[in-house]
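Subject: Structure handover

Hello,

Here is the structure for you to take over. The notes on what was found in it follow below.

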Amino acid sequence: MKQLLTALFFAILMASDMAYGDPMDELVEEYSREFDSVKPAPNSSVGSDYKFDQMAMSGMYATRSLRLIYQQNQEMIRIQQEILNRYDRITEQNREIIRLLTLLSGQDGERAESGSQATAVEK
């Protein structure tokens, strides 16, 4: 049971480590230190109560890591929204540029047509 919880906890930590490394690395190190500190020395007369402490600690750290993942997700959502807003502004600017270029090309076309008509009349 302990091994399963520990494996699950570290799997969650490894998956979340891909988002941001530093806070999760610190959390893993802290968890490892505390997990090992609860474990009694070999040949100790202490019973198996430490296993329950380790399971409770695993649950607490799993909750902390999920909270950290949630916060990182919220930050990523905020950044993505900013990027989307920037793309919307760029799209609007491009539409305006296209509109202005269309107007300019229409005026140049009218000038070219009037210029060719004028030279045809002069001949």
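The model is predicted, and its mean pLDDT over the protein chain is 76, with 62% of the residues scoring at least 70. Confidence is not even along the chain: helix α1 (residues 2-16) has the lowest mean, 61, while α3 has the highest, 83.

Overall layout

The protein chain has three helices and zero strands. Read from the N terminus, the order of elements is α-α-α. Of its 123 residues, 14% count as buried. The exposed area of the chain is about 9600 Å², and carbon and sulfur atoms account for 58% of that. If one takes the contacts between residues at least 6 apart in sequence, 61% of them join residues at least 24 apart.

Core

Seven residues make up the largest nonpolar core: M24, L27, Y31, F35, M57, Y61 and L68. Two elements, α2 (22-38) and α3 (49-122), each give two or more residues to this core. Helix α2 supplies the largest share, with four residues.

One core member, L68, is in contact with P23 and M24, once its neighbours within four places in sequence are set aside. P23 also appears in a second pairing: its C-alpha is 9.9 Å from that of Q72, although P23 and Q72 are 49 residues apart in sequence. Q72 belongs to helix α3. Is Q72 buried or exposed? Its relative accessible area is 7%, so Q72 is buried, the limit for that class being under 20%.

The start of α3

D49 is a residue of helix α3. D49 has a relative accessible area of 54% and is therefore exposed, as the class begins over 50%. Between D49 and V38 there are 9.7 Å in space, C-alpha to C-alpha, for a separation of eleven residues in sequence.

Salt bridges

The count of salt bridges comes to five. Which of them can be described as a link between two helices? That description fits the pair E30 and R64, whose closest N and O atoms are 3.1 Å apart. E30 is in helix α2 and R64 is in helix α3, so this salt bridge ties together parts that are 34 residues apart in sequence. Both ends fall in the partly exposed class, because E30 has a relative accessibility of 23% and R64 has 29%.

Other salt bridges lie within α3, including the one between E92 and R95, with closest N and O atoms 2.9 Å apart. E92 and R95 are three residues apart in this helix, about one turn. E92 is partly exposed at 48% relative accessibility. R95, in contrast, is exposed, because its relative accessible area of 52% is over the 50% limit.

A further salt bridge joins the side chains of R99 and E96, with 2.6 Å from N to O. Because R99 and E96 are three residues apart in helix α3, about one helical turn separates them. The relative accessible area is 41% for R99, which is partly exposed, and 36% for E96, which is also partly exposed. Apart from these pairs, E75, R78 and E82 are joined into one network by salt bridges that share partners.

Surface patch

I83, Y87 and I90 make a nonpolar surface patch of about 290 Å². I90 is located in helix α3. With 42% relative accessibility, I90 counts as partly exposed.

In brief

Helices α2 and α3 each give two or more residues to the largest nonpolar core. The salt bridge between E30 and R64 also ties these helices, so it links parts 34 residues apart in sequence. Helix α1 is the element with the lowest confidence, at a mean of 61.

Regards

Methods. Residues numbered from 1 in each chain as written. Predicted model: local features only at pLDDT ≥ 70, side-chain atom pairs only at ≥ 80, totals over all residues. Heavy atoms only, no water. Core = buried A, V, L, I, M, F, W, Y, C linked by side-chain atoms within 4.5 Å. Buried < 20%, exposed > 50% of the residue type's maximum accessible area, 1.4 Å probe, protein only. Contact = heavy atoms within 4.5 Å. Patch = residues over 30% accessible without salt bridge, like charges linked within 9 Å, V, L, I, M, F, W, Y side chains within 5 Å. Areas by Shrake-Rupley, 256 points an atom, 1.4 Å probe, with all protein chains shown as cover. Salt bridge = Lys/Arg side-chain N within 4 Å of Asp/Glu carboxyl O. pLDDT = per-residue confidence, 0-100.
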